[in-house]
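Here is a friendly note to read beside the model. Please keep the viewer open as you go.

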Amino acid sequence: MDVKTDVTLDAKGTACPMPIVKTKKSMKGMESGQVLEVQATDKGSTADLQAWTKSAGHQYLGTIEEDGVLKHYVRKANDDETREKKHPDVVDNEELNAVRSNSESIIVDVREAAEYAFHHIPEAVSIPLGEIDDRGYELDQSKTVYVVCRTGSRSDLAAQKLAAKGFPAVYNVVPGMSAWNGETKSLNQ
C-alpha cells in the first residue's frame, strides 16, 4: 500500500525519546494538513507517537510495518487545533525521593520494560505508557500516584491519562530517571 506523504522522517535506530523529539522538530517546519511519515525501529514508538499526537492535537493516522521498519503517519493539525497539553501537577526528583517509601504513594514507571529492567526505583511499578490504558485499573486510586519516565515526556502523557480516568492525585516527575540520583535496582544487582 502506498500512502501519500509530504515529509519523511528517518528515526530508525533511535530509541525513546528520540522518535518523538525528531517528530516534534519536523512538525514545526510543516504546514497544517501535511502528512509526516516517521520511519522507526523502536517498537515503543507506536504507543509514544499515538499518545504524543493526541496530547499535541495532531492526528495519528496509523502505522504500517515493512521489513522491521515501523512507518507511522501523522497529520499536522491547524495552529488553532494544536495546544499541547501538559499535566499541571509536577514534582521534581527530590520531592519523589522524599515520599517514595510512603505507603500512601505509588510510583509508576512508564518506560519500556527493558528500560525498567536495567535501571529503576526499587518501589516503582512498571506499566509502560502503551499499556497504561489497559492496566491503569491495577493502581489504587486512593493513593497519590507519581509517574516517572526517562525525561518527563512519557510520564506527562501517562499522568494525563490517569487523571482522565479519575485518579485524584497524580504527579508527573521531572526530570525523571535521566537525572535520578536516588537508590536504584537493576537486573545486574
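**Notes on helix packing, cores and confidence**

1. Let's start with the helix pair: H1 passes H2 in a right-handed crossing, meaning that the near helix is turned clockwise from the far one by less than a right angle. Pro19, Ile20, Thr23, Lys24 and Met27 of H1 meet Ser45, Asp48, Leu49 and Trp52 of H2, with contact meaning heavy atoms within 4.5 Å.

2. The axes of H1 and H2 cross at roughly 40° and come within 10 Å. H1 and H2 are therefore oblique to each other.

3. This is a predicted model, where local features need pLDDT of at least 70, side-chain atom pairs count only at pLDDT 80 or more, and totals for chains, interfaces and linings use all residues. Residues are numbered from 1 along each chain as its sequence is written, and side-chain values use heavy atoms, leaving out hydrogens and water.

4. Mean pLDDT (the predictor's confidence in each residue, from 0 to 100) is 89 for the protein chain, with 94% of its residues at 70 or more. Confidence is highest in S8, at 98, and lowest in helix H4 (residues 113-118), at a mean of 80.

5. The largest nonpolar core (buried Ala, Val, Leu, Ile, Met, Phe, Trp, Tyr and Cys residues joined through side-chain atoms within 4.5 Å; buried is under 20% relative accessible area with a 1.4 Å probe, protein chains only) has 28 residues. Val108, Val110, Val147 and Leu162 have the most contacts inside this core. Elements giving two or more residues to this core include H1, H2 and S8. Another core, of 11 residues, lies apart from it, with Leu96, Ala124, Tyr146 and Val148 among them.

Key
Buried means under 20% relative accessible area, exposed over 50%, partly exposed in between (1.4 Å probe, protein chains only). Helices (H or I, at least four residues) and strands (E, at least two) are DSSP runs, numbered from the N terminus. Axes are lines fitted to C-alpha atoms, for helices over the stretch in contact, and angles run from 0 to 180 degrees between N-to-C directions. Angles under 35 degrees count as roughly parallel, over 145 as roughly antiparallel, 65 to 115 as roughly perpendicular and the rest as oblique.
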